Amino acid sequence: MSSETDTVQVDPRQLPAESFTDSDIARIQLVSDIESAATQLGQYAQMLGEDLAQAGDYVRQAANLRMLDTVVRQAVIAERVRGTSWETIADALRMSAEDAEGRWGRSEASWRRETRATSCYRKDPGSRAAGADKYITSDKPYQFTTATRRPLSASLDAAAHLTGRDVVAADHAFVGTACTHCSR
């Protein structure tokens, strides 16, 4: 049986779409949103570095970076799908549970109602997971020096039967844990 830190080769494109759990799909979508945000931030930094901006471009580009709200929204959805309480989410965001649920509750409900017909992530999660794997395992400057460049697909519930991963134990261990890289 492999451990969570072992790198297991899983081609998510070969897994049936129905084998991906909501947790898998939420995490795949979160990585995609992060990649989009990172790309836009990189383009913004390049514009600043090359000083090709016209008056107002710094502020205009910063205002266009609202996609960071999308990342937070999808992170909240991914947490909720994994069973994280509104209280824990609110604590992490330094707000009340009522405010957190009021702000993102409808987004979570809407996400849960999505189908293969309305969501590219639910329609073809394997290809989206493969894209996430490519992004995560490539050399990026944001990587922590001690980070293991393990593809997302190795930890997806859909791949659990191939990797020997105990999904229930992993989900149980997840509840109430905090990221060691995040400062509070």
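**Questions on contacts and exposure**

Visitor: Why is Asp11 called partly exposed?

Guide: Asp11 has a relative accessibility of 30%. Partly exposed covers the range between under 20%, which is buried, and over 50%, which is exposed, so this value places Asp11 in the middle class. The model discussed here is a predicted one.

Visitor: What makes the pair Asp11 and Arg13 a salt bridge?

Guide: Their side chains come to 3.0 Å, N to O. The cut-off is 4 Å between a side-chain nitrogen of Lys or Arg and a carboxyl oxygen of Asp or Glu, so the pair qualifies. Arg13 has a relative accessible area of 53%, and it is therefore classed as exposed, the limit being over 50%. The structure holds six salt bridges.

Visitor: How do you know that Arg60 and Asp57 form a salt bridge?

Guide: The closest N and O atoms of Arg60 and Asp57 are 2.9 Å apart, and the limit is 4 Å, so the pair is counted. The two side chains also make a polar contact at 2.9 Å, for which the limit is within 3.5 Å. Because Arg60 and Asp57 are three residues apart in helix H2, about one helical turn separates them. Helix H2 spans residues 57–64.

Visitor: Why do Arg60 and Asp57 receive their exposure labels?

Guide: Asp57 is at 18% relative accessibility, under the 20% limit, so Asp57 counts as buried. Arg60 is at 43%, between the two limits, and is therefore partly exposed.

Visitor: What makes Arg80 and Glu108 a link between parts of the chain?

Guide: The side chains of Arg80 and Glu108 meet in a salt bridge at 3.2 Å, N to O. Arg80 lies in helix H3 (residues 67–81) and Glu108 in helix H5, so the pair ties together parts that are 28 residues apart in sequence. Salt bridges with shared partners join Arg80, Glu108 and Arg112 into one network. Glu108 has a relative accessibility of 9%, and is therefore buried, being under 20%.

Visitor: How do you know that Arg122 makes a polar contact with Trp111?

Guide: A polar atom of the Arg122 side chain lies 3.4 Å from the backbone oxygen of Trp111. The limit is 3.5 Å, so this pair falls within it. Arg122 belongs to helix H6 (residues 120–123). Its relative accessibility is 10%, under 20%, and Arg122 is therefore buried.

Visitor: Why is Asp33 called buried?

Guide: Asp33 has a relative accessibility of 12%, and the class needs a value under 20%, so Asp33 is buried. Asp33 is located in helix H1 (residues 22–50). The C-alpha atoms of Asp33 and Arg73 are separated by 9.8 Å, with their positions 40 residues apart along the chain.

Visitor: What makes Arg94 an exposed residue, and where is it found?

Guide: Arg94 is at 58% relative accessibility, and the limit is over 50%, so Arg94 counts as exposed. Arg94 sits in the loop between helix H4 (86–92) and H5. Its phi is near 55°, a positive value in a residue other than glycine.

Visitor: Which residues form the negative surface patch, and how do you know that Asp99 is accessible enough to belong?

Guide: Glu87, Glu98, Asp99 and Glu101 form the patch. Asp99 has a relative accessible area of 46%, and patch residues need over 30%, so Asp99 meets that requirement. Helix H5 (residues 97–113) gives the most to this patch, with three residues.

Methods: Residues numbered from 1 in each chain as written. Predicted model: local features only at pLDDT ≥ 70, side-chain atom pairs only at ≥ 80, totals over all residues. Heavy atoms only, no water. Helix = DSSP H or I, 4+ residues; strand = E, 2+ residues; numbered from the N terminus. Polar contact = N/O pair within 3.5 Å; in protein donor to acceptor, adjacent residues only side chain to side chain. Patch = residues over 30% accessible without salt bridge, like charges linked within 9 Å, V, L, I, M, F, W, Y side chains within 5 Å. Areas by Shrake-Rupley, 256 points an atom, 1.4 Å probe, with all protein chains shown as cover. Lys, Arg positive; Asp, Glu negative; His and termini not counted. Charge placed at Lys NZ, Arg CZ, Asp CG, Glu CD. Buried < 20%, exposed > 50% of the residue type's maximum accessible area, 1.4 Å probe, protein only.
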